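Dear colleague,

I am passing on the structure we spoke about, and my notes on what was found in it follow below. Please read them with the model open beside you.

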Amino acid sequence: MSIELPQEVADGITVANLKDWRNYLQSELDAWEANPKNELNPNGVWMHPEDVVGNKKYIAACDLLIKAFGG
């Protein structure tokens with residue numbers, strides 16, 4: 001079985017997925033930056049340091065791809 005979509009539709013789906021993922025990653029960073037968990041703030045938001053760096057890299061990559069797809 002094969003599904004064929006017009007290029008504009010496929011690009012639109014790609015851009016929508018990339019924007020959703022980018023917004024999710026950014027919301028994680030925003031929550032962590034606003035209330036980071038540490039010794040003085042044990043009830044804050046915790047993020048693994050590798051996730052902080054990774055989210056920033058993925059957001060930049062999403063921005064680049066969204067632009068490339070015309071979004």
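**The core and its contacts**

In this predicted model, L25 is in contact with N55, Y58 and I59, once its neighbours within four places in sequence are left aside. Two of the names in that sentence, L25 and I59, return in the largest nonpolar core, which has five residues in all and is completed by L29, M47 and V52. The elements that give two or more residues to this core are α1, covering 7–34, and α2, covering 49–68.

**The chain as a whole**

The secondary structure comes to two helices and zero strands. The radius of gyration is 17 Å, well over the 11 Å that the globule rule gives for 71 residues, so the chain is more spread out than a compact globule. Along its principal axes the C-alpha trace spans about 55 × 25 × 15 Å, and 17% of the 71 residues count as buried. Among contacts between residues at least 6 apart in sequence, 55% join residues at least 24 apart.

**The surface**

The chain exposes about 5,500 Å², of which carbon and sulfur atoms supply 57%. A nonpolar surface patch of about 600 Å² is made by M1, I3, L5, V9 and I13. Of these residues, I13 lies in helix α1, and it counts as partly exposed because its relative accessibility is 42%, a value that falls between the 20% limit for buried and the 50% limit for exposed.

With best wishes

Note on methods
Residues numbered from 1 in each chain as written. Predicted model: local features only at pLDDT ≥ 70, side-chain atom pairs only at ≥ 80, totals over all residues. Heavy atoms only, no water. Core = buried A, V, L, I, M, F, W, Y, C linked by side-chain atoms within 4.5 Å. Buried < 20%, exposed > 50% of the residue type's maximum accessible area, 1.4 Å probe, protein only. Helix = DSSP H or I, 4+ residues; strand = E, 2+ residues; numbered from the N terminus. Contact = heavy atoms within 4.5 Å. Patch = residues over 30% accessible without salt bridge, like charges linked within 9 Å, V, L, I, M, F, W, Y side chains within 5 Å. Areas by Shrake-Rupley, 256 points an atom, 1.4 Å probe, with all protein chains shown as cover. Salt bridge = Lys/Arg side-chain N within 4 Å of Asp/Glu carboxyl O. Rg over C-alpha atoms; globule rule 2.2 N^0.38 Å.
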